[in-house]
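Colleague: I have this model open and would like a guided close look at the nonpolar core, with the helix packing beside it. Could you walk me through that part, and then show me how a few other spots compare in their surroundings?

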Amino acid sequence: MKQIIIPFMAATGLISALCGCSPKNEKLQYPVAEKQAVTDDYFGTAVADPYRWMEDDTTKAVADWVAAENSLTGAWLDRIPFRNQLKQRLTELTDYEKIGMPFKKHGKYYYYRNDGLQNQSVLYVKETLDGEASVLLDPNSLSDDGTVALSGISFSNDGKYLAYTISRSGSDWQEIYVMNPVTRQLTSDHIEWAKFTGVQWHDGGFYYSAYDAPEAGRELSGINENHKIYYHKLGTDQGGDILVYENKKYPKRFYSAWVNDEETLMFVFESGEGRGNNLFMKDLRRPGASFVQLTEDFEYEYSPVEVIGETVYFYTNYGAPRYRLMKTTADRPELAHWTDVVPESEHVLNSVSFIGGKMMLTYIRDASDHAFVYSPDGRRECEVELPTFGSVSFSGEKDDREAFYLFTSFTFPGAVYKYDMDNNASEKYLAPEVRFNAGDFVTEQVFYPSKDGAGIPMFLTYKKGLRRDGKNPVYLYAYGGFNISLFPSFSTWRIPFLESGGIYAQANLRGGGEYGEDWHVAGTKMQKQNVFDDFIAAAEYLVRENYTANAKICIAGGSNGGLLVGAVVNQRPELFGVALPAVGVMDMLRYHQFTIGWNWASDYGTSADSREMFEYLYAYSPLHTVRNDGTPYPAILITTADHDDRVVPAHSFKYAATLQASNTGAAPKLIRIETKAGHGAGKPVSKIIEEYADVYSFVLYNLGMKPEFQK
């Protein structure tokens, strides 16, 4: 690529001139990104891609552009008069003890704890539930700035070893280490270039999934191909690890292993093509045994959840769009032999846990969890009473009667309960103390019609006594994809917005999993517009019902939700006052050419599939549908990160450059690019506070709100 010189002087001069005056509605001079004559042909249609050079984010040209954009955005945000106070309030809200749900391994109790402002939560151990705790593993000691995160742990089944995975700077790449949980000493074992993996123990070693080492300079953007499962024997070098499973015929598939606690059976998941996965099984008790293929398609999900003796239990949506629990025996593992334990019902079966000789099942009812106790033969025994609508998860061992669950909702910080299975009674074990008054707020669930009449649920949280006078600011959030369900959950970041009179709205769009696979499919491929229509209809409903007005609505979403925000802004720019597309998939014609983007084709389709699929994607792709005719757009703050190897930052870079070069009105079109961070997981608390102070300052300021902490 030729050397690209980007004229930044206009932006630099603006930064100097910005000091001391209000930024609102001020015409900005953005860094000018060179447009190159790059064109692709899609079924006879020429599509320009002038910012293709931004896809190589290792170049000086891209680094200079990023620096100029961050300088401009930082200078603009610095002039918001209450930004520092908001950061102080967010810091105060975040500074509370957070304790995770205990889990029991080999007679000891483990849990994660953050004393408030630690960048990463720390893993603790107790000999007894009420005993003294000691630090087992502190990821804050692994880096000076908190950017090394603990991404997973796995105890060996004899309790002698703990394997843990870390990620650096938010990348999906993982490294595996092994320690002695008694002495806290590391072994010599170290695995690199692992990705999308767990650690599954067997016979003095473990299985893991990894790729070959990537090309230098392409670690965060190159296509990930040829996923493999290896076996690592403790005390040996990675170079000698045994290749257990690969499929050279299908380089763009994922392969991962699961082994039961007794180490008798090994299952291999094959995914990445279609909406589900294939499943294979190997009997580890039989030397030289080969893998048996249990399923033969990728349209359904098949997941073993427990092995008890010779009985294997599976969670699946095969023949059951709302999922069911099935079983078979180890000597007849093929799908044809599976039988129902808990058949499909009216509501979506969301999770299954085997605890104390019982089964704990959660079901989704209108985007909220409900929990039940079942006998092993599938009889429902009782419902676990939860505080309000929300989300719940359980912890416990299949042969131990002790059980815990974690519950959270919009104004209900995650609390841990100890559950008495014999008496169906819950006792609060741990509850955080956050510096806000939950009793000041209320949540309601509403249902509204989408464009085609489909009923869509939405949660609204706001201060008690709110007047529906059409003047209330709204923060409208959604996702709508990949069978992912949005549940009620707590976040300190929303509190200042709520305290300042805002409404937090969370819409459960098609494409998600709230009502099963049919609901998911209704928002995929050639039906993706349903998702956008559902989101637009949410905003129209809030205006129609006098909660708010167009100029008072902020829309937000991340990843697939970033795509959602970008698409609907282009389709209905007059409907919103602020837009926050985060780490979004913005280039729908080329998304599949980076890292694991090819894996999203089951939801999106690709521009190479057919002329019809190309034209459909081209018609809504946020990058390709930005208007340039003077139509006023809302204020937009794009967020991404330099180590995002899930949705590469080039998506946001190219989208931002296109927005800034287009005639979309005077409202700011800014981009905030985080350093040493990725798609979101593992981000240190210090960086999160900084980011949300910037984002919510942008929101409150552009919605014309007077923050509560200013009064």
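Modeller: Happy to: what follows starts with confidence, goes on to the core and its helices, and then visits some strands and loops.

Please keep in mind that this is a predicted model. The mean pLDDT of the protein is 93, with 95% of the residues at 70 or more. The stretch to treat with care is residues 1–20, where pLDDT stays under 50. For that stretch the model has 35 contacts beyond four places in sequence.

Now to the core you asked about. In soluble globular proteins, nonpolar side chains tend to be buried together. Here the largest nonpolar core has 75 residues, and Trp65, Met458, Leu476 and Ile555 are those with the most contacts inside it. Helix H6, residues 529–544, gives the most to this core, with nine residues. If you centre your view on Leu476, you will find that it touches Met458 and Ile555. Beyond four places in sequence, the contacts of Leu476 also include Phe535, Ala538 and Ala539, along with Ala505, Ala507, Cys554 and Ala556. Apart from this core lies another one, of 44 residues, and among its members are Leu28, Tyr96, Phe497 and Val695.

Stay with H6 for the helix packing. Two packed helices are described by the angle between their axes and the distance between the axes. For H6 and helix H7 (residues 560–571), the angle is about 70 degrees and the axes are 10 Å apart. The range from 65 to 115 degrees counts as roughly perpendicular, and H6 and H7 are therefore roughly perpendicular to each other. On the H6 side, the residues that meet H7 are Gln529, Val531, Phe532, Phe535 and Ile536. Their counterparts in H7 are Leu564, Val565, Ala567, Val568 and Gln571. Phe535 is worth a second look: it is one of the H6 residues that meet H7, and it is also in contact with Leu476.

Next, a sheet. Four strands form an open sheet in the order S20-S21-S22-S23, with antiparallel pairing. Strand S20 (302–308) and strand S23 (339–342) are at the edges with a single partner strand each, so one side of each has no neighbour in the sheet. From one strand to the next, the twist averages 35 degrees. Strand S22, residues 324–329, pairs with S23 over three bridges in the antiparallel sense, and Leu325 has Val342 in S23 as its bridge partner.

Val342 leads on to Leu361, which touches it. Leu361 is found in strand S25, residues 358–365, and counts as buried because its relative accessibility is 0%. Besides Val342, and not counting residues up to four places away in sequence, Leu361 touches Leu349, Ser351, Val352, His370, Ala371, Phe372 and Tyr374. Leu361 and Asn350 are eleven residues apart in sequence, and their C-alpha atoms are 7.4 Å apart.

For a hairpin, go to strands S6 (residues 122–126) and S7 (residues 133–137), which run antiparallel and are joined by four bridges. Six residues make up the connection in this hairpin, and Tyr124 has Val135 in S7 as its bridge partner.

The loops have some points of interest too. Most residues other than glycine have a negative phi. Glu263, though not a glycine, has a positive phi of about 60 degrees, and its place is in the loop between strands S16 (254–259) and S17 (265–271). Val583 is also not a glycine and has a positive phi of about 35 degrees. This valine is found in the loop between S37 and H8 and is buried, with a relative accessible area of 11%.

Thr595 has its place in the loop between strand S37 (578–582) and helix H8 (601–604), and is buried at 1% relative accessible area. Leaving aside neighbours within four places in sequence, Thr595 is in contact with Leu220, Ser221, Gly222, Ile223 and Asn224, and also with Asp645, Arg646 and Val648.

Last, a charged residue to visit is Glu517, found in helix H5, residues 517–521. At 7% relative accessibility, Glu517 counts as buried. Its contacts beyond four places in sequence are Arg275, Asn317, Pro321, Tyr323 and Asn483.

How values were computed:
Residues numbered from 1 in each chain as written. Predicted model: local features only at pLDDT ≥ 70, side-chain atom pairs only at ≥ 80, totals over all residues. Heavy atoms only, no water. pLDDT = per-residue confidence, 0-100. Contact = heavy atoms within 4.5 Å. Pairing = 2+ DSSP bridges. Helix = DSSP H or I, 4+ residues; strand = E, 2+ residues; numbered from the N terminus. Axes fitted to C-alpha atoms, helices over the stretch in contact; angles between N-to-C directions. Buried < 20%, exposed > 50% of the residue type's maximum accessible area, 1.4 Å probe, protein only. Core = buried A, V, L, I, M, F, W, Y, C linked by side-chain atoms within 4.5 Å. Parallel < 35°, antiparallel > 145°, perpendicular 65-115°, else oblique.
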